[in-house]
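Please open the structure in your viewer and keep the selection panel at hand. The tour below goes from one selection to the next and says what to look for at each stop.

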Amino acid sequence: MAIDVRDKKTSLDEEAAIYEKRDETESGKSRWKKMNRSQKITQFKTYYLRPLIIGVLVLCVVGFFIYKDVITKKDIAFRCAIVNEVATEIPVNAFSDEFTKYMKLDPDKNLSSFHLYYTDTQLAQKVGASTASDLSQISSLIYASLLDGMIAGEKDFTTYHDNGFFVDLNEFLSEEELKAIEPYLYIPDDEKNTKKHAYGVYIEKSERYNSIFQGGGGVVQKPIYGIITNSENTDRGRYFLYYLNFIKYILHNFISHIYSRTIIYVLKMCVRINF
C-alpha cells in the first residue's frame, strides 16, 4: 500500500539538499557551492552541528582538567592534619597561604595543606564526615610519608603518640628552642617515656593558630601540635612552630644570649686595655 507523503510535515525543507537527486561522481565541495544559503544552513545543521557541539564540549572538559591538574597544579609544601576540630574554609585557606609565604614559597605554585579530619563519630555526623574514610586517609598519608604534622586534642594526640607517630622534640629541637617553648611542651606521662622527653607543643595560646576560627569553631580545648616521625619535611615542621609565633620567645632568648656574650667580651677587652 502506497503512503502519500505530499502533505506530511517534516523537520526539513522540501528544498533541502538531501531531497535532491545527487550525482555520486560529484564532489562534496562542488555540491556545497551549488547550494543556496538556506540549503547550506540545513546541510550544516543536519550533518555537522551536533558533532561540532560534542567536539567543543569534549575540548572544554579536557582543557579544564589540563588547566587544573597541569597548569595550575600546586606542589604540596607542607601537609598537616587537624583532627576533630571545626573551622571554616576562608580563614583556614588564609592561614595556609600565610604559612606558605612564611616559608618564602610562592602560594600560586605551592600549597600548605591544613585539612580537617574527623575520628569522633558524633562530631563527624554533625559535619557530615565519615570517620572510616578519615581514619583511612590519615593512616595512608602517614604510611606513605605524606603527612608532615598533626594538630589534635590530648586524647587523640596521645593515641597517635602511643603508636610512635611523633618526633622526639628533645632530639629534634635545639636547646635554645626547647627552653623557649618549655612551658608549652607536651610530655607524655607513661612508662616508656622514662627520660620525660617532649613529643608535642600546646598551641592554644597562639593567636595565629586561633585566627582560623574567625568564622566559628575551635572546639578542641587544648590542641597539641606534633611533627610526624617519617615526614620528609621535618624542617618545615619546625618552621611551623616559628610561624605560630613561638619565634618571638626563641628570638628573645637568642638576642639576650648574644647581648650577654657581647657585654662580657667588651668588658674583657676593657680590662686588657687598662692593664
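Begin with the buried residues of helix α5, whose cover includes the strands β1 (75-83), β2 (110-117) and β3 (149-152) together with helix α6 (154-162). As you look, keep in mind that this is a predicted model.

Now select α5 itself, residues 131-143, and compare its two ends: at 1.5 Å a residue its 13 residues should span 18 Å, and the end C-alpha atoms are indeed 18 Å apart, which agrees. Within α5, colour Asp134, Ile138, Leu141 and Ile142, which are buried. If you turn the view to look down the axis of α5, the buried residues fall within an arc of 100 degrees, so they line one face of the helix. A general rule helps in reading such a view: an α-helix has 3.6 residues a turn, so residues three or four places apart point the same way. Next add Ala132 and Tyr143, which are exposed on the other side of α5. Before leaving this region, step to Ser145, just after α5, where the backbone takes a positive phi of about 60 degrees.

The next selection is the sheet, an open one of six strands, which you can follow in the order β2-β1-β3-β6-β5-β4, with mixed pairing. At its edges are β2 and β4 (185-186), each of which pairs on one side only. Inside that order, zoom in on β5 (residues 200-202) and β6 (residues 224-227), which run antiparallel and are joined by two bridges. Here Val201 stands opposite Tyr225 in β6. In general, strands of a sheet pair through backbone hydrogen bonds, either parallel or antiparallel.

How many salt bridges does a search of the whole structure find? The search finds three, and each can be visited in turn.

For one of them, select Arg238 and Glu177, whose closest N and O atoms are 2.8 Å apart. This pair links distant parts of the chain, since Arg238 lies in helix α10 (residues 234-274) and Glu177 in helix α8 (residues 175-180), 61 residues apart. Are these two partners buried or exposed? Arg238 has a relative accessible area of 19%, and therefore counts as buried, the cut-off being under 20%. Glu177 is buried as well, at 7% relative accessibility.

Move on to Lys101 and Glu98, whose side chains meet in a salt bridge with an N to O distance of 4.0 Å. Both residues lie in helix α3 (residues 89-102), three residues apart, which is about one turn of the helix. Lys101 is partly exposed at 46% relative accessibility, and Glu98 is partly exposed with a relative accessible area of 41%.

For another salt bridge, select Lys196 and Asp189, with the closest N and O atoms 3.3 Å apart. Lys196 counts as partly exposed at 44% relative accessibility, whereas Asp189 is exposed, with a relative accessible area of 73%.

Finally, zoom out to the whole protein chain, which has ten helices and six strands. Of its 275 residues, 33% count as buried. The chain exposes about 18800 Å², and carbon and sulfur atoms supply 55% of that area. Among contacts between residues at least 6 apart in sequence, 68% join residues at least 24 apart.

How values were computed: Residues numbered from 1 in each chain as written. Predicted model: local features only at pLDDT ≥ 70, side-chain atom pairs only at ≥ 80, totals over all residues. Heavy atoms only, no water. Helix = DSSP H or I, 4+ residues; strand = E, 2+ residues; numbered from the N terminus. Buried < 20%, exposed > 50% of the residue type's maximum accessible area, 1.4 Å probe, protein only. Contact = heavy atoms within 4.5 Å. Areas by Shrake-Rupley, 256 points an atom, 1.4 Å probe, with all protein chains shown as cover. Expected span 1.5 Å × (residues − 1). Arc of directions from axis to C-beta. Pairing = 2+ DSSP bridges.
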